[in-house]
Amino acid sequence: MDVLEARGLEVSFGAAKVLRDVSFTLRRGRVLGLVGESGAGKSMLGRVIARNLPEGFAVTGGALSFLGQDLVTIADEPRRQLLGDKIAFIPQEPLTALNPVMTVGRQFDEHLARLGAPRAGRRERAIAALAELRLRDPASLLERYPFQLSGGMCQRVLIAMAFASGPALIVADEPTTALDVSTQAHIVQIVRALQRDHGTTLLFITHDLRLASHVCDDILVLYAGEVVERGPAREVCAAPRHPYTRALLAANPPLDGAARRLVTLPDTMPGLAAFASLPGCRFAPRCPVKDPACAAATPPLRDIAPGRAVRCTEACLTGAAAIVDAAPPRPPAPPPGETVLALETVSKHYPGERDWLGRRRPGVDAVKPLDLTVRAGEFVGVVGESGSGKSTLAKLVMGLEAATGGRIAVDGKDVTVNDPAARRVRLGALQMVFQDPQSALNPRRPVSRLITQAMEAGDGRWSEAERVARARALLEETGLSPDLLGRYPSQLSGGQKQRVNIARALCVTPRLLVADEIVSGLDVSVQAQILNLLLDLRRERGIGLVFISHDLAVVRYLCDRVVVMRHGEVVESGDTDTVFAAPRHPYTRALLAAVPPEDPDRPWPPEPGPAA
Amino acid sequence: MTPRTRAALRRCLASPRVVIGLALIAAAVAVAILAPFLAPHDPQEQDLLNTLLPPAWAAGGVADYPLGTDSLGRCVLSRLFYGARVALYVAALAATGAALLGAALALVAGYFGGWVDWLVSRLVDIWMAFPPVILALILLVGLGAGVNKVVLAIVLIDWTRFCRVLRSEVIVVRRRDYVAAARLAGFTHAQTILREVLPAVLPLLITLFSLEMGIAVIVEAIMSFVGLSVEPNVAAWGVMIADARQTMNQAPWGVVAPVLAIFVTVLAFNLTGDGLRRALDPRLVTSRGEA
């Protein structure tokens with residue numbers, strides 16, 4: 001029996017078709033993955049179901065039926081009956097989805113009341129539902145407020161609420177994106193187990209094809225509002241056919257196997273405004289194997305095997321097979337140069353607040369005494385989950401925070417105290433690339449003045465012509481078009497912003513870059529472009545890198561050495577290949593096990609750990 | 001001009017509040033500057049044969065005195081025009097001074113934080129605990145009367161408005177990574193404050209500035225009403241109200257005219273300020289889905 005069926009569904013914003021010809025069937029008890037990068041339209045489907053389309057968007061064609069009822073034309077009242085009772089949602093941001101001023105218990109109670117549960121048994125039902133999620137001591141959890149819980153715990157509460165009504169369909173929109181890898185593994189484990197036990201049908205929306213291959217039975221790959229490939233999850237990931245699916249997988253650095261240079265596609269996915277100029281295949285402008293016919297007319301979604309369909313011509317599919325094989329091995333690391341950065345037993349302690357008697361509460365050891373040296377041309381990865389102190393480490397290195405212990409040396413000169421002399425030493429050697437380009441780029445500066453900002457520092461006297469020339473050189477080096485010189489950050493795409501961010505750091509020709517989670521907000525294909533850019537910079541400039549990330553696969557691809565941090569402490573460090581192939585510390589092992597493996601046949605997630 | 005500035009400007013000019021407010025302010029400024037050409041009489045010229053004349057359109061009015069005369073036979077319209085000079089002079093100068101002092105302290109406090117911030121914040125707290133009118137009177141008694149003393153008094157009282165509001169905005173901006181990036185690019189603290197932080201709080205500063213001009217007009221009127229502002233031989237709106245107060249029963253227009261002038265001017269500044277706030281405040285802009 002089909003729980004959800006879409007036939008030629010079309011959503012438009014003005015003349016632009018945001019979703020075009022989306023068709024699928026989702027049978028009872030199955031998990032369908034909707035995979036796409038940002039802007040692919042994957043969240044739009046969930047919004048059609050909830051009838052929560054943004055202003056100006058409307059369903060303009062096709063049908064979407066739930067258990068035989070058309071969700072597009074259904075009246076408001078019966079639809080409200082369906083939502084919550086028969087269709088439940090798991091949101092992306094667990095912390096904002098719960099009301100911070102109400103206890104978990106009260107919100108759960110209200111939710112059950114909405115579902116029509118009698119008052120008498122509600123508390124017991126809530127406790128039972130939370131216990132099913134392996135949450136320890138659910139009764140006391142009900143008395144707590146959302147802000148007293150971690151993101152993972154909030155998400156589990158929301159999952160318990162979603163399953164509470166015994167819905168026929170659950171829509172989960174990026175339910176694990178805001179969480180750490182090990183939490184993600186837990187959540188996925190729990191959702192799958194509940195889904196199996198209750199026979200619930202699940203629509204799983206994600207940007208992570210590899211995660212989808214382990215969670216879902218079937219996958220729809222979306223690109224610019226079109227389904228480009230559809231089929232059983234394992235088959236799609238083991239043997240992708242569409243050039244985009246292939247490129248997406250090839251852009252995702254693997255956690256095992258040989259390190260091949262990541263395949264990148266040029267540019268980014270077209271936005272809404274560009275759809276009108278793309279009458280044919282929307283992937284054609286970036287397609288490595290396109291032929292002229294593709295750009296003229298959209299190829300239909302053809303069945304190529306039982307249950308598998310691809311929106312591409314036969315000729316292209318043949319040519320696409322060559323994409324991944326053509327990838328050269330990752331360039332070997334050059335021999336490292338002299339030591340640029342040396343940390344000796346550096347630590348950072350944040351003192352606690354004083355209470356009203358003036359007594360200090362216990363503080364936090366954000367970074368416990370730690371040694372680290374980085375040489376020119378060396379890429380060192382710092383990995384750990386949120387709260388491990390890795391961002392504090394970056395701030396200590398850059399002098400944005402003062403160390404409470406130990407010694408920091410740059411080029412052999414002591415810069416522990418960030419006085420003007422130390423700032424000059426740092427300025428010539430170190431630069432930082434910030435995590436969030438939205439916050440790191442001043443919206444009031446055009447690109448040319450952003451990336452050459454260092455030239456107006458101090459008493460620097462540079463002519464306007466010199467600055468523009470430098471800006472052009474930096475743009476070229478970071479693979480950006482000189483057309484961007486006069487643009488402002490708000491007019492750039494996410495990938496372009498991050499390149500501008502890197503270009504700014506390169507302006508003073510540093511020998512070491514400190515990069516804090518610089519690819520975590522980017523789509524996989526854009527992330528691959530940035531990673532390759534960093535490798536190219538090393539080859540051309542012999543630059544070193546301290547790369548802070550929670551993504552182990554990215555660190556493995558990029559870094560020669562890795563430092564694993566937990567609660568401000570280094571638990572393991574060493575040569576990347578050695579650490580990842582034979583992790584010694586249980587925490588490193590747990591982190592590695594939490595990453596969805598490339599091989600879709602390897603069972604994942606691992607068996608659940610103890611309840612949190 | 002950045003696209004952000006252009007969009008902000010477009011939003012400002014699409015706001016009826018800003019357009020009406022600016023038009024009224026422009027009219028007031030024009031009247032003040034062109035007073036010697038527009039005014040039918042010298043503001044101090046007395047016509048003792050024609051005292052307490054009603055406006056020209058009322059019974060007994062004379063075309064030569066469009067808004068009538070006061071108890072000394074001085075032309076009300078001419079005094080109104082010249083009075084605009086005093087009002088706008090005080091408004092512009094006092095708002096500028098208060099903005100400069102308040103913004104400077106706010107930038108320093110918000111940017112450096114720590115004990116500097118503590119000190120400035122406590123100073124603002126203490127300062128704001130004084131009733132402003134009493135504080136102004138005390139200051140003027142200490143400083144002596146005079147229009148420039150009024151300006152100084154307003155600056156010394158109202159810098160706290162700027163300081164308190166701007167400081168919290170500076171703290172928000174200061175946490176952005178681009179401020180840290182500027183430091184890492186070698187900017188000095190002064191450069192970082194002036195080139196990275198100040199431009200981000202400028203829209204708020206402009207809004208506050210406009211509202212402060214309105215406040216300054218009222219304060220000046222009160223001070224000249226009690227005779228602590230301009231010399232007695234200078235026409236100011238507060239002076240006109242004070243003069244016409246005795247003869248209010250026979251000639252109410254003598255009070256009504258300057259009160260209306262104050263009302264329209266303050267309304268213009270408040271409309272502009274309110275409109276600018278709605279057009280420039282990022283929170284209000286996003287809530288209407290325009291950004």
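**Notes on a predicted two-chain model**

1. Let's start with a charged pair in chain A. A:Asp601 and A:Arg234 form a salt bridge, and their closest N and O atoms are 3.2 Å apart. Keep in mind as you look at it that this is a predicted model. A:Asp601 sits in the segment after α24 (586–593) of chain A, while A:Arg234 belongs to helix α10 (residues 233–238) of chain A, so the pair ties together parts that are 367 residues apart in sequence. As for the surroundings, A:Asp601 is exposed, with a relative accessible area of 51%, and A:Arg234 is partly exposed at 42%.

2. Why do such pairs turn up at all? Side chains of opposite charge can pair when their charged atoms come close. How many salt bridges does the structure hold over all chains? The count is 45.

3. Now go to chain B and find B:Asp243 and B:Arg79. Their side chains meet in a salt bridge, at 3.7 Å from N to O. B:Asp243 is in helix α10 (residues 237–245) of chain B and B:Arg79 is in helix α4 (residues 76–112) of chain B, so this pair links parts that are 164 residues apart in sequence. Are the partners buried or exposed? B:Asp243 is partly exposed, with a relative accessible area of 29%, but B:Arg79 is buried, at 2%.

4. Salt bridges can also share partners. In this model, that sharing joins A:Arg445, A:Arg449, A:Glu456, A:Glu464, A:Arg467, B:Arg195 and B:Glu196 into one network. Have a look at both chains when you trace the network, as its members come from chain A and chain B.

5. That takes us to where the chains meet. 24 residues of chain A are in contact with 20 residues of chain B. Between them the two chains bury about 2,100 Å², with 54% of that on carbon and sulfur atoms. There are 2 salt bridges between chain A and chain B. One pair to look at is B:Glu196 with A:Arg445, whose closest N and O atoms are 2.7 Å apart. Both B:Glu196 and A:Arg445 are buried. This pair runs from helix α9 of chain B to the loop between α17 and α18 (447–451) of chain A.

6. There's also polar contact across this interface: 11 residue pairs, both residues being at pLDDT 80 or more. Which parts of chain A give two or more residues to the side that touches chain B? They are α16 (420–429), β18 (430–433) and α17 (437–440). By type, the chain A residues on that side split into 11 nonpolar, 7 polar and 6 charged.

7. Helix α9 (residues 189–225) of chain B has a glycine worth clicking on, B:Gly214. B:Gly214 counts as buried because its relative accessibility is 1%, and buried means under 20%. Leaving out residues up to four places away in sequence, B:Gly214 touches B:Val266 and B:Phe269. Its C-alpha atom is 9.0 Å from that of B:Ala95, a residue 119 positions away along the chain.

8. Finally, try helix α5 (residues 122–132) of chain A. Which of its residues are buried? They are A:Arg122, A:Ala126, A:Ala129 and A:Leu130. Look down the helix axis and these buried residues fall within an arc of 95°, so they line one face of the helix. Their cover includes α4 (104–114), α6 (138–141) and α7 (151–164) of chain A. Just after α5 of chain A, A:Arg134 takes a positive phi of about 55°.

Technical notes:
Residues are numbered from 1 along each chain as its sequence is written. Chains are lettered from A and ligands numbered from 1 in the order in which they are written. This is a predicted model: local features need pLDDT of at least 70, side-chain atom pairs count only at pLDDT 80 or more; totals for chains, interfaces and linings use all residues. Side-chain values use heavy atoms; hydrogens and water are left out. Buried means under 20% relative accessible area, exposed over 50%, partly exposed in between (1.4 Å probe, protein chains only). Helices (H or I, at least four residues) and strands (E, at least two) are DSSP runs, numbered from the N terminus. The arc is that of the directions from the helix axis to the C-beta atoms. Contact means heavy atoms within 4.5 Å. Buried area is the accessible area (1.4 Å probe) that two parts lose on being put together, summed over both. A salt bridge is a side-chain nitrogen of Lys or Arg within 4 Å of a carboxyl oxygen of Asp or Glu. A polar contact is a pair of N or O atoms within 3.5 Å; within protein, one must be able to donate a hydrogen and the other to accept it, and residues adjacent in sequence count only if both atoms are side-chain atoms. Ala, Val, Leu, Ile, Met, Phe, Trp, Tyr, Cys and Pro count as nonpolar, Asp, Glu, Lys and Arg as charged, and the others, Gly among them, as polar.
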